[in-house]
Amino acid sequence: QVQLVESGGGLVQTGGSLRLSCVASGSTHNMDAMGWYRQAPGNQRELVARITSGGGTSYGESVKGRFTISRDNAKNTVYLQMNSLKLGDTNVYFCKAEGIIGPGIGYDYWGQGTQVTVSS
């Protein structure tokens, strides 16, 4: 089991910045990628950013150039720096951890989510 605890959400004005953090604990020894996803009410959960244990990154189209994902493997922590925030970034942001247990066997764990609200 992997436990994920997110922090850093809150209220910010358009154009502002926030930094989200997600700390993983528990059985993290075979954890691989970590990422951030967001989900507005009535919508599907969508990728915001993802980073592998080796540092490879991928981003959702709507956040490219504005958000940056990073991780500290020693601290089992992933960060999401969000700049130039827009009203459309208002969402609940979820941290996800992916791991590999064996050949063809993996796992996903999710955090409880943190609310980000962008106001005009």
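Begin by selecting strand β1 together with strand β3 (residues 18–26): the two run antiparallel and are joined by six bridges. The model on display is a predicted one, and the tour proceeds from this pair of strands outwards.

**The first sheet**

With β1 and β3 selected, pick out Leu4, which stands opposite Ala24 in β3. Next select Ser7, whose bridge partner in β3 is Ser21. Keep Ser21 highlighted and turn to the other neighbour of β3. Which residue of β8 is the bridge partner of Ser21? The residue to select is Tyr79. Strands β3 and β8 run antiparallel, and six bridges join them.

Now display the whole sheet. Four strands form it, in the order β1-β3-β8-β7, with antiparallel pairing, and the sheet is open. Its edge strands are β1 and β7 (67–72), each of which pairs on one side only. Neighbouring strands in this sheet are turned by 15° against each other on average, direction ignored.

**Glu6 in strand β1**

Return to strand β1 (residues 2–7) and select Glu6, which lies within it. Glu6 is buried yet has no salt bridge. How far away is Arg45, the nearest side chain of opposite charge? Arg45 is 7.7 Å away from Glu6.

To see what does approach the side chain of Glu6, show the backbone nitrogen atoms of Cys95 and Gly113. The nitrogen of Cys95 lies 2.7 Å from a polar atom of the Glu6 side chain. For the backbone nitrogen of Gly113, the distance to a polar atom of that side chain is 2.8 Å. Then widen the selection to the residues that Glu6 touches, leaving aside those up to four places away in sequence: they include Ser21, Cys22, Trp36, Tyr93 and Phe94. Gly111, Gln112 and Thr114 are also among them.

**Ala97 in strand β9**

Select Ala97 next; its place is in strand β9. Ala97 counts as buried because its relative accessibility is 0%. Add Ala24, the residue already seen opposite Leu4. Ala97 and Ala24 are 73 residues apart in sequence, while their C-alpha atoms are 8.0 Å apart in space. Beyond residues up to four places away in sequence, Ala97 touches Val2, Leu4, Met31, Ala33, Met34, Tyr107, Asp108 and Tyr109. Leu4 thus appears at two stops, as the residue opposite Ala24 and as a contact of Ala97.

**Salt bridges**

The structure holds seven salt bridges, and three of them are visited here. Select Asp89 and Arg38, which form a salt bridge with their closest N and O atoms 3.0 Å apart. This pair links distant parts of the chain: Asp89 is in the loop between β8 (77–82) and β9 (91–102), Arg38 is in strand β4 (residues 31–39), and 51 residues separate them. Are these two residues buried or exposed? Both Asp89 and Arg38 are buried. Add Glu46 and Arg66 to the selection to display a network of salt bridges that links Arg38, Glu46, Arg66 and Asp89.

Move on to Arg50 and Glu98, which also form a salt bridge, with their closest N and O atoms 2.9 Å apart. Arg50 lies in strand β5 (residues 46–51) and Glu98 in strand β9, so the pair ties together parts that are 48 residues apart in sequence. Arg50 counts as partly exposed because its relative accessibility is 24%. Glu98, at 16% relative accessibility, counts as buried.

For the third pair, select Lys64 and Glu61, whose side chains meet in a salt bridge at 2.7 Å, N to O. Lys64 counts as partly exposed, with a relative accessibility of 45%. Glu61 is exposed, its relative accessible area being 63%.

**Two loop residues**

The last stops are in loops. Select Asn76, which lies in the loop between β7 and β8. Although Asn76 is not a glycine, it has a positive phi of about 50°. Its relative accessibility of 22% makes Asn76 count as partly exposed.

Finally, select Ser84, found in the loop between β8 and β9. Ser84 likewise has a positive phi of about 50° without being a glycine. At 40% relative accessibility, Ser84 counts as partly exposed.

Terms used
Residues numbered from 1 in each chain as written. Predicted model: local features only at pLDDT ≥ 70, side-chain atom pairs only at ≥ 80, totals over all residues. Heavy atoms only, no water. Buried < 20%, exposed > 50% of the residue type's maximum accessible area, 1.4 Å probe, protein only. Lys, Arg positive; Asp, Glu negative; His and termini not counted. Salt bridge = Lys/Arg side-chain N within 4 Å of Asp/Glu carboxyl O. Polar contact = N/O pair within 3.5 Å; in protein donor to acceptor, adjacent residues only side chain to side chain. Contact = heavy atoms within 4.5 Å. Pairing = 2+ DSSP bridges. Axes fitted to C-alpha atoms, helices over the stretch in contact; angles between N-to-C directions.
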